[in-house]
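Colleague: I have a model open and some questions about it. Show it, and we will start with the strands.

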Amino acid sequence: MTDDISNADAALDPALEVEGADQAPATEGSADDRQREIDDLKDKHLRLAAEYDNFRRRAVKERQEAGWRAQGELVRGLIDAIDDITRFAHVDPTTVDSKTVVDGVLLVEKKLFKSLAGHGFEVVDPTGHAFDPNLHEAVSTAPASAPEEDGTVAVCFQAGYVINGLVLRPARVIVKQWTGA
């Protein structure tokens with residue numbers, strides 16, 4: 001096989017076309033060159049593999065840090081609402097009437113949902129809308145009074161939640177069903 005390679009090299013390079021004894025040193029020299037080339041290629045391969053491994057580690061670390069930053073941004077948006085809840089937890093019940101507490105809790109709820117909406121969070125309350133199995137979970141059915149109401153949501157037992165198109169929890173609903181009666 002090395003003779004075939006040597007002959008191919010000789011055919012390509014006229015300087016290698018030497019007869020007899022002169023051909024042996026050229027073959028040895030080309031074997032050394034080939035070994036050097038193989039060693040260079042091995043070195044390049046090892047460096048490339050190490051570079052890829054470093055890239056992979058860096059990418060994993062950057063993804064992790066991006067997740068932490070996103071969580072930090074979400075929590076930063078909730079801090080005001082958390083502060084409000086903390087103030088409510090330390091209110092003296094003898095000095096505050098129930099209407100004030102309810103109004104305060106409603107304001108905190110509104111603040112929480114507004115902050116979460118800024119991060120792609122949506123509340124799913126499908127009452128009166130068509131049933132969508134991708135967003136809703138039917139827990140029961142109720143009779144529909146007309147065929148047009150078939151498949152619409154009659155009651156929402158528990159709101160569902162979606163963030164950036166990902167369903168966190170489907171809305172649990174009762175769906176109207178037309179029986180033809």
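Colleague: How many bridges join strand β1 to β4?

Modeller: This is a predicted model, in which local features need pLDDT of at least 70, side-chain atom pairs count only at pLDDT 80 or more, and totals for chains, interfaces and linings use all residues. Residues are numbered from 1 along each chain as its sequence is written, and side-chain values use heavy atoms, with hydrogens and water left out. Strands (E, at least two residues) and helices (H or I, at least four) are DSSP runs, numbered from the N terminus; two strands pair if DSSP finds at least two bridges between them. β1 (residues 121-124) and β4 run antiparallel, and the bridges joining them number four.

Colleague: Which residue of β5 is the bridge partner of Tyr161?

Modeller: Tyr161 is also the partner of Val123 in the β4 pairing. β4 and β5 (residues 166-169) run antiparallel, joined by three bridges. In β5, the partner of Tyr161 is Arg169.

Colleague: Which side chains of β4 point to the buried face?

Modeller: In a regular strand the side chains alternate between the two faces of the sheet. Buried means under 20% relative accessible area, exposed over 50%, partly exposed in between (1.4 Å probe, protein chains only). In β4 (residues 160-163), Tyr161 and Ile163 point to one face and are not buried; pointing to the other, and buried, are Gly160 and Val162.

Colleague: What is the phi of Asn164 in the turn?

Modeller: Most residues other than glycine have a negative phi. Asn164 is not a glycine, yet its phi is positive. Asn164 counts as exposed because its relative accessibility is 62%. It sits in the turn of the β4-β5 hairpin, with two residues between the strands, and its phi is about 50°.

Colleague: Which element gives the most to the largest nonpolar core?

Modeller: A nonpolar core is a set of buried Ala, Val, Leu, Ile, Met, Phe, Trp, Tyr and Cys residues joined through side-chain atoms within 4.5 Å. The largest has seven residues: Val124, Val153, Cys156, Val162, Ala171, Val173 and Val175. β3 (153-158) and β6 (171-177) each give two or more. With three residues, the top contributor is β6.

Colleague: How many residues apart in sequence are the parts that Glu149 and Lys176 tie together?

Modeller: The side chains of Glu149 and Lys176 meet in a salt bridge at 3.7 Å, N to O (a side-chain nitrogen of Lys or Arg within 4 Å of a carboxyl oxygen of Asp or Glu). Glu149 lies in the loop between β2 (136-143) and β3, and Lys176 in strand β6, so the parts tied together are apart by 27 residues.

Colleague: Where do Lys99 and Asp103 both lie?

Modeller: Their side chains meet in a salt bridge, with Lys99 and Asp103 at 2.9 Å, N to O. Lys99 is exposed, because its relative accessible area is 57%; Asp103 is partly exposed, at 33%. The two are four residues apart, about one turn, and both lie in helix α3.

Colleague: What distance separates Arg57 and Asp53, N to O?

Modeller: Both residues lie in helix α2, four residues apart, about one turn of the helix. Their side chains meet in a salt bridge, and the N to O distance is 2.6 Å.

Colleague: How many salt bridges does a search of the whole structure find?

Modeller: The pairs above include Glu149 with Lys176 and Lys99 with Asp103. Over the whole structure, the search gives a count of 10.
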